[in-house]
Amino acid sequence: MRILVAMSGGVDSSVVAALLKRQGHEVIGATLQLYDHGQASKPGACCAGRDIMDARAVADKLGFPHYVIDAESRFRDSVIESFADSYARGETPVPCVACNQGVKFTDLLGMARDLGCEAMATGHYVRRVEGDDGAEMHRPVDADRDQSWFLFATTRDQLEYLRFPLGDVPDKAHVRALAEELGLEIAAKPDSQDICFVPTGSYAELVEKLRPEIQGEGEIVDEEGRVLGRHEGVARYTVGQSKRLGDIHTGVGERQMVTRIDVPRRRIIVGPRAQAIEAENRRTVHLRNMNWLIDASPEGVHCGVQIRAREKLRDAVVRPLEGGGAVVELTEPATPAPGQACVLYDGSRVLGGGFIVAGES
Amino acid sequence: MNEALKTTYLDANATEPLRPAARQAVLDGMMLSGNPSSVHADGREARRFLEEARNRISAGFGRISGTCVFTSGGTEADAMAIHAFGRSRPVLIGGTEHDAIRKAAPDAEVLGVDRFGLLDPEDLRQRLHQIGPALVCVMSANNETGVLSPLQDIEAVCRDSGSHLHVDAVQGAGRVPFTLSECSVAISGHKMGGPKGAGALLMQNEDPIDALTIGGGQERGRRGGTQPLPAILGMAAAFEESRRQDWVRIDVLREQVEQAALECGARVAGRGVPRLPNTSCLILDGVSAQIQLMTLDLGGFCVSAGSACSSGKVSSSHVLTAMGETEGASQAIRVSLPWNVEEDHVVAFCKAYREMAARLKKQ
């Protein structure tokens, strides 16, 4: 069949393209140009980064057409800007979810349909299983590379059309071996790390650049407003962190934690960690923008939920709400971070998920 | 038609297929072992061919051979002109100029164009009256739309104000007659059906210029570096072939393309004003240029979208934006018929275009 492969220029998606080509499919490669790192390139210089060149080299070598898609403005609006907004609100966003949801599985997938492709494949580590009621999403065989948490927002319609050939491979070494076997020169290329559009790894600097109004130092205070110290910028803090508080811990005589961020007044509010965790602990968590991959019953679904990218499952009952939200009743209390995803699992299967809303317990 | 790839090539403005006469000239040129700068017999032989090519190209522009400086291509010729003539005076460029001009004169004042892409010579006159003598850069024919600039009037305006006119004739040379004498002209061999690697800057006189490269003082000190003789001989042959071409035949086929596109609800940028005989800029509202390009490519048709950078990424067209298009600037493809196009190719393209439009055009 004619199948579009979303190619990042990395090993994973290159192997996907090569595998599909070897299986005899009509492969079309596409690489999204998401941003221009602007370090190496001067204004007006060519936009093509190393990754685009790599993806194109793989396509040329294997003999299938490859296209570079300009998604820069869409990525800026739908991912980077909302990432900055979310941070400026004191949340901890998950930009990869927004990117998969918008630029990749809406725009690029729409393009694949327009080109008459029967499916679109990516190098994500997640398994798609053909179930009785349509396609299901499952955790991959290689648990270390599980990306299911980042893909919960994939709609059922999108899932029908998508293919994830790497969901079944045992481990990354296997993928690299495949790359070598297929003669791909990028077999030894390092994995991409962290948030792709933050090359230096300092998202705080990026947020401050995009939202200069929140830039600048300010006070660290306790719940009563007593000044305990100073900080270098609110973008460097998230609720729940104990790092970057300097010698405040020793000053107060107890380990402290960020409990709130007052962005307009550029204040970081802290409290004793043990007490704060107790206060923040909740059994009830509200979610917005729910995506269900099953027909959820109004009475609720008993399942496991994962509220951070790398964390164990927690037992819960999740009930859908009118307007696209949901309410999670946890068996054991936890401290969810606003803006993060809460993903629902039944064994290896992803049932759906939503974004954690700040507020009432 | 590329027999090996089974494609239909309709992207002449990116590069014309090699003309047989040019191919022969290149092969002959490669057999000349001498360096045109050498004093010995082999060098003299090479120089004789080089100067003969210079004569033929200069004559085609009604100039003496000393005005012609060979370059690596159009971009270098444009950069050379801006470097030589734009340093001590303000630079004005047309709103639809190619990046070869735009990027070589990043601080230039950009002159507006109307919805056909035409610059108004009266606007230019007024502006020059305000700022005094300038370097004015205007292309003879636009690479995306094929629209021809009103060069006669622009030349007169520049003459009256004591300004230097530089014409980027990369697309126009060989395809439309060129009669101006009071300007410098940039041309490119491969856009006329020669090989890639040679171009020329034709100047108004034989005066020295401030060279970009000095090197061994070739081209009378105006452009250092050994001349690519085979490519230059190919360019001279291609230029002459191009001028002898039956462009009416091409124009008739081009009209077939445009009629088919218009019937599909497309718009043709610049239709209604004088244009190159081979170029059509087809705007299919609501369908991205990227998708059109990919669809046609997968169907075996080589066309292009106005502005593709070297990564292959398709951006919106600054030419169409200057002509007042908004969404349309990223929904246009360029079809440019090559010298060897056949009616079969055009018929096949029209069929593919109709199918594409029927499938993708949102009602």
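# Two chains, worked through

In chain A, 63% of the contacts with a separation of 6 or more are between residues 24 or more positions apart; a contact here means two residues whose C-beta atoms, placed from the backbone, lie within 7 Å. This is a predicted model, where local features need pLDDT of at least 70 and side-chain atom pairs count only at pLDDT 80 or more, while totals for chains, interfaces and linings use all residues. Residues are numbered from 1 along each chain as its sequence is written, and chains are lettered from A and ligands numbered from 1 in the order in which they are written.

## Exercise 1: chain A as a whole

Work out whether the radius of gyration of chain A agrees with that of a compact globule.

**Solution.**
- Start with the rule: take 2.2 Å times the number of residues to the power 0.38, with the radius itself computed over C-alpha atoms.
- For 361 residues that gives a value near 21 Å, and chain A comes in at 22 Å, so the two agree.
- Next, the box: along the principal axes, the C-alpha trace of chain A covers about 70 × 55 × 35 Å.
- Then burial: 40% of the 361 residues count as buried, meaning that 20 or more other C-beta atoms lie within 10 Å of the residue's own (12 or fewer makes it exposed, anything in between partly exposed, with C-beta atoms placed from the backbone).
- Finally, the secondary structure of chain A has nine helices and 17 strands; these are DSSP runs numbered from the N terminus, H or I over at least four residues for a helix and E over at least two for a strand.

## Exercise 2: helix α2 of chain A

Check the length of helix α2 (residues 50-62) of chain A, then find what covers its buried residues.

**Solution.**
- The expected span is 1.5 Å times one less than the number of residues.
- With 13 residues, α2(A) should span 18 Å, and its end C-alpha atoms sit 19 Å apart, so that agrees.
- Now pick out the buried positions: Ile52(A), Asp54(A), Ala55(A), Arg56(A), Val58(A) and Ala59(A).
- Their cover includes α1 (11-22), β2 (26-33) and β3 (66-70) of chain A.
- Just past the helix comes Gly63(A), with a positive phi near 80°.

## Exercise 3: strand β17 of chain A

Is strand β17 (residues 349-356) of chain A largely enclosed or largely open, and which strands pair with β17(A)?

**Solution.**
- Count the buried residues: seven of the eight in β17(A) qualify, so the strand is largely enclosed by the rest of the structure.
- Go through the partners, where pairing takes at least two DSSP bridges between the strands. Strand β16 (residues 341-346) of chain A runs antiparallel to β17(A), with six bridges, one of which pairs Val343(A) with Gly353(A).
- Strand β12 (residues 282-292) of chain A is also antiparallel to β17(A), over four bridges; Leu287(A) has Ile356(A) as its bridge partner.
- Strand β6 (residues 134-138) of chain A joins β17(A) through two bridges, antiparallel again, and His138(A) is matched with Arg349(A).
- Last, look at the turn: β16(A) and β17(A) make a hairpin with two residues between them, and Gly347(A) in that turn has a positive phi of about 65°.

## Exercise 4: where domains 1 and 3 of chain A touch

Describe the contact between domain 1 and domain 3 of chain A.

**Solution.**
- An automatic or database domain assignment sets the bounds, and for chain A it gives domain 1 (2-188), domain 2 (216-278) and domain 3 (282-356).
- The C-alpha centres of domains 1 and 3 of chain A are 26 Å apart.
- Domain 1 of chain A puts 17 residues into the contact and domain 3 of chain A puts in 15.
- On the domain 1 side, β6 and α5 (156-161) of chain A each give at least two residues, and β6(A) has the largest share, with three.
- By class, that side has eight nonpolar, five polar and four charged residues. Nonpolar covers Ala, Val, Leu, Ile, Met, Phe, Trp, Tyr, Cys and Pro; charged covers Asp, Glu, Lys and Arg; the others, Gly among them, are polar.

## Exercise 5: over to chain B

Find how chain B is divided into domains and how many residues each domain gives to the contact.

**Solution.**
- Chain B splits into domain 1 (8-17 + 246-360) and domain 2 (20-244).
- Their C-alpha centres lie 26 Å apart.
- The contact uses 24 residues of domain 1 of chain B and 23 of domain 2 of chain B.
- On the domain 1 side, β10 (279-283) and α10 (318-322) of chain B are the elements giving two or more residues.
- That side of domain 1 of chain B has 12 nonpolar, nine polar and three charged residues.
- For the whole chain, 53% of the 363 residues of chain B are buried, and there are 11 helices and 14 strands.
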